[in-house]
Amino acid sequence: MEIRKLLVANRGEIAARVFRTCRRVGIGTVAVAAPDDEGAYHTRQADEVVPIAAYLDTHEHVRAAREAGADAVHPGYGFLAENADFAEAVEAAGITWVGPTSEALRAAGDKLEAKRLAQEAGVPVVPSGVPEEVGYPLIVKAAAGGGGRGMRVVRTPEELEDALEAARREAKAGFGDERVFCERYVERPRHVEIQLLADAHGDVVHLGERECSIQRRHQKVLEESPSPGLDPDLREAMASAAVAFARAVGYRGAGTAEFMLAADEFFFLELNARLQVEHPVTELVTGLDLVEQQLRIAARDRLGLESREPAGHAVEVRLYAEDPLTFLPQAGRIERLELPRGVRVDAGVEVGDAVPVAYDPLIAKVIAGADTRDEAFELLSRALRETRVGGVTTNLGFLRWLVDHPEVRAGRTTTAFLSENPPLSRFAEIASPWRASADAVPLRPPPRVEDFAHGGGGAGVKSALVAPMPGVVIRVLAGEGDRVEPRQPLVVLEAMKMETPLVSPYEAVVRRILVAEGDRVAGGAVLVEL
């Protein structure tokens with residue numbers, strides 16, 4: 001089977017990334033564009049563009065592929081990448097699906113079914129069940145997807161009802177499926193994932209691991225390979241477990257088995273049945289083009305590869321349009337963009353492009369590879385100092401701080417890193433190269449969404465709760481004249497399919513509600529007067 005023309009059912013950086021491989025191997029390319037995304041960066045990287053009504057409409061992508069004469073569809077990541085119904089619709093139209101079978105997507109995509117299959121395959125999993133069985137703290141997760149959507153940490157029974165309701169809304173908005181489940185919350189683990197490739201002939205190989213412990217809003221910020229937290233025996237055990245699970249679900253294509261690592265124990269989390277945002281890290285340490293491998297697998301070629309360990313070291317950070325302290329997404333137009341040389345850069349915008357409120361605010365991924373971990377981090381640090389972005393607020397200052405942080409350089413990070421080391425805080429003074437002293441500099445508390453409430457407290461003092469970023473008001477939780485308590489949620493704002501509750505900064509009386517549910521608001525807009 002030969003793929004001659006490929007449609008990418010996605011946008012932004014990932015669509016442009018797939019198009020680059022297609023150009024290199026001589027495959028024609030088709031981009032799609034929703035009405036609010038015409039002329040976007042990814043559309044300028046393709047041979048042709050077909051307008052569609054919406055990125056989440058499976059029928060529109062199939063129609064576009066037929067209209068363009070595409071003989072294959074690549075789903076990218078996000079949107080419909082792990083949607084079994086979409087895979088079935090593509091194949092029913094006689095078009096090659098560049099991804100896992102619909103059966104494997106259903107098995108891997110349903111987190112509860114995936115956990116059951118993992119247990120049957122002898123892979124350790126985190127206990128899950130009803131809250132009374134799991135105990136507290138627990139984490140609520142979307143059954144049909146990941147990426148931080150539909151996920152809430154719950155520490156007390158009083159928080160459970162609101163957390164379940166919010167998780168269901170996010171899961172419904174992000175995946176079209178509101179099912180959620182509860183799982184034991186493991187404090188301060190590492191997050192390590194194994195890259196897998198599996199062909200249609202039963203061959204499954206792993207390409208080593210990626211360390212992805214540094215996260216915000218349950219989404220990854222920095223990824224590296226190999227992980228500084230694994231010894232050879234643990235690496236082999238996790239890789240074997242990943243391969244065993246892939247075989248258990250009859251997997252095909254590129255995928256990632258994600259694990260939590262606590263001391264020398266690891267637990268299977270999920271199989272991401274798609275290409276990961278951080279896949280360039282693995283490409284740099286293996287020399288493989290994972291998109292090319294996806295295309296070969298879809299064309300029913302044999303892998304012809306052996307499992308391999310990382311050679312050298314690679315590290316990636318994600319440059320976002322977001323506030324560097326709160327990580328709240330920002331929108332705007334890119335007026336200046338100077339990206340570094342000497343490292344790999346996978347960009348999703350150019351100068352003059354808008355970062356819209358409706359989509360992921362990723363500007364570019366910056367990836368450095370070298371012979372050693374220290375060299376890779378130094379190369380990335382220099383690259384970030386060369387980077388310049390104007391016209392929109394970004395996390396560039398945060399990334400520079402992060403890559404130079406002593407704990408990051410020491411390889412001692414966990415998923416709690418940003419809670420314990422607030423963004424842009426001073427590094428603790430250390431008595432030895434990697435050990436904090438007893439009189440280390442105290443760190444300031446992490447920023448809170450309520451810090452965006454303008455004005456001060458006190459009787460009769462008027463202040464306003466403002467939108468920290470552009471978004472859509474999905475809930476108004478107070479009425480005019482209500483007396484509200486400190487940290488009481490007043491409005492829930494949605495941006496990039498994630499919900500942000502905005503809370504009262506102090507005890508107050510609500511003077512005016514200036515928005516209604518469904519309103520689209522700009523960053524800085526006054527929502528509530530107190």
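Helix H10, residues 290–298, gives 3 residues to the lining of the second largest pocket, and this is the largest share of that lining. The model in which this pocket is found is a predicted one, and the pocket itself has a volume of about 160 Å³. Its lining is made up of Glu 2, Ile 3, Val 25, Ile 27, Glu 292, Leu 295, Arg 296, Ala 299 and Asp 301. When these lining residues are sorted by character, 5 are nonpolar and 4 are charged, while no polar residue is found among them.

Between two of these lining residues, Ala 299 and Asp 301, the chain passes through Arg 300, which belongs to the loop between H10 and E17. Arg 300 is not a glycine, and yet it has a positive phi of about 70°. With a relative accessibility of 45%, Arg 300 counts as partly exposed. A second residue of this kind is Phe 327, likewise not a glycine, with a positive phi of about 65°. Phe 327 is placed in the loop between E17 and strand E18, residues 332–333, and is buried, with a relative accessible area of 7%.

From these local features one may step back to the chain as a whole. Its secondary structure comes to 14 helices and 35 strands. The radius of gyration of the chain is 23 Å, which is close to the 24 Å that the globule rule gives for 530 residues, and the chain is therefore as compact as a globular protein of that length. The C-alpha trace spans about 75 × 60 × 50 Å along its principal axes. Of the 530 residues, 57% count as buried, and, among the contacts in the chain with a separation of 6 or more, 63% are accounted for by residues 24 or more positions apart.

Helix H12, residues 396–403, shows how burial looks in one element: because 6 of its 8 residues are buried, this helix is largely enclosed by the rest of the structure. The buried residues in question are Leu 396, Phe 398, Leu 399, Trp 401, Leu 402 and Val 403. What covers them includes the strands E14 (222–225), E17 (313–320) and E23 (388–390), together with the helices H11 (373–386), H13 (406–410) and H14 (417–420).

Two of the elements that cover H12, namely strand E14 and helix H11, are also joined by a pair of charged side chains. Glu 224 is found in strand E14, whereas Arg 373 is found in helix H11, and a polar contact of 2.7 Å joins their side chains. Both partners are buried, Glu 224 with a relative accessible area of 3% and Arg 373 with one of 15%. The side chain of Glu 224 also makes a polar contact of 2.7 Å with the side chain of His 313. Leaving aside residues up to four places away in sequence, Glu 224 touches several further residues, among them Glu 209, Arg 210, Glu 211, Val 281 and Phe 377. Arg 373, counted in the same way, touches Glu 224, Pro 228, His 313, Val 408, Arg 409, Ala 410 and Gly 411.

The surroundings of Arg 373 also bring together parts of the chain that are distant in sequence, since Arg 373 and Ser 225 are 148 residues apart along the chain and 8.8 Å apart in space, from C-alpha to C-alpha. Ser 225 is followed by a cis peptide bond, which leads to Pro 226 and has omega near 0°. Pro 226 lies in the loop between E14 and helix H8, residues 232–248. Another cis bond, again with omega near 0°, runs from Tyr 136 to Pro 137, and Pro 137 is placed in the loop between helix H6 (131–134) and strand E7 (138–142). As background to these bonds and to the positive phi values, most peptide bonds are trans, and most residues other than glycine have a negative phi.

A last stop is Arg 274, in the loop between strand E16 (265–272) and helix H9 (279–286). Although it lies in a loop, Arg 274 counts as buried, at 14% relative accessibility. Its side chain makes a polar contact of 2.7 Å with the side chain of Gln 276. Beyond its neighbours within four places in sequence, Arg 274 is in contact with Gly 76, Tyr 77, Gly 78, Ala 81, Glu 82, Tyr 251, Ala 254 and Gly 255.

Methods: Residues numbered from 1 in each chain as written. Predicted model: local features only at pLDDT ≥ 70, side-chain atom pairs only at ≥ 80, totals over all residues. Heavy atoms only, no water. 1 Å grid on protein atoms, 1.4 Å probe; cavity = no way out; pocket = protein on both sides within 12 Å on 5 of 7 lines; lining within 4 Å. Points joined across faces, edges and corners; volume = space filled by probe spheres on them. Helix = DSSP H or I, 4+ residues; strand = E, 2+ residues; numbered from the N terminus. Nonpolar A, V, L, I, M, F, W, Y, C, P; charged D, E, K, R; others polar. Buried < 20%, exposed > 50% of the residue type's maximum accessible area, 1.4 Å probe, protein only. Contact = heavy atoms within 4.5 Å. Polar contact = N/O pair within 3.5 Å; in protein donor to acceptor, adjacent residues only side chain to side chain. Rg over C-alpha atoms; globule rule 2.2 N^0.38 Å.
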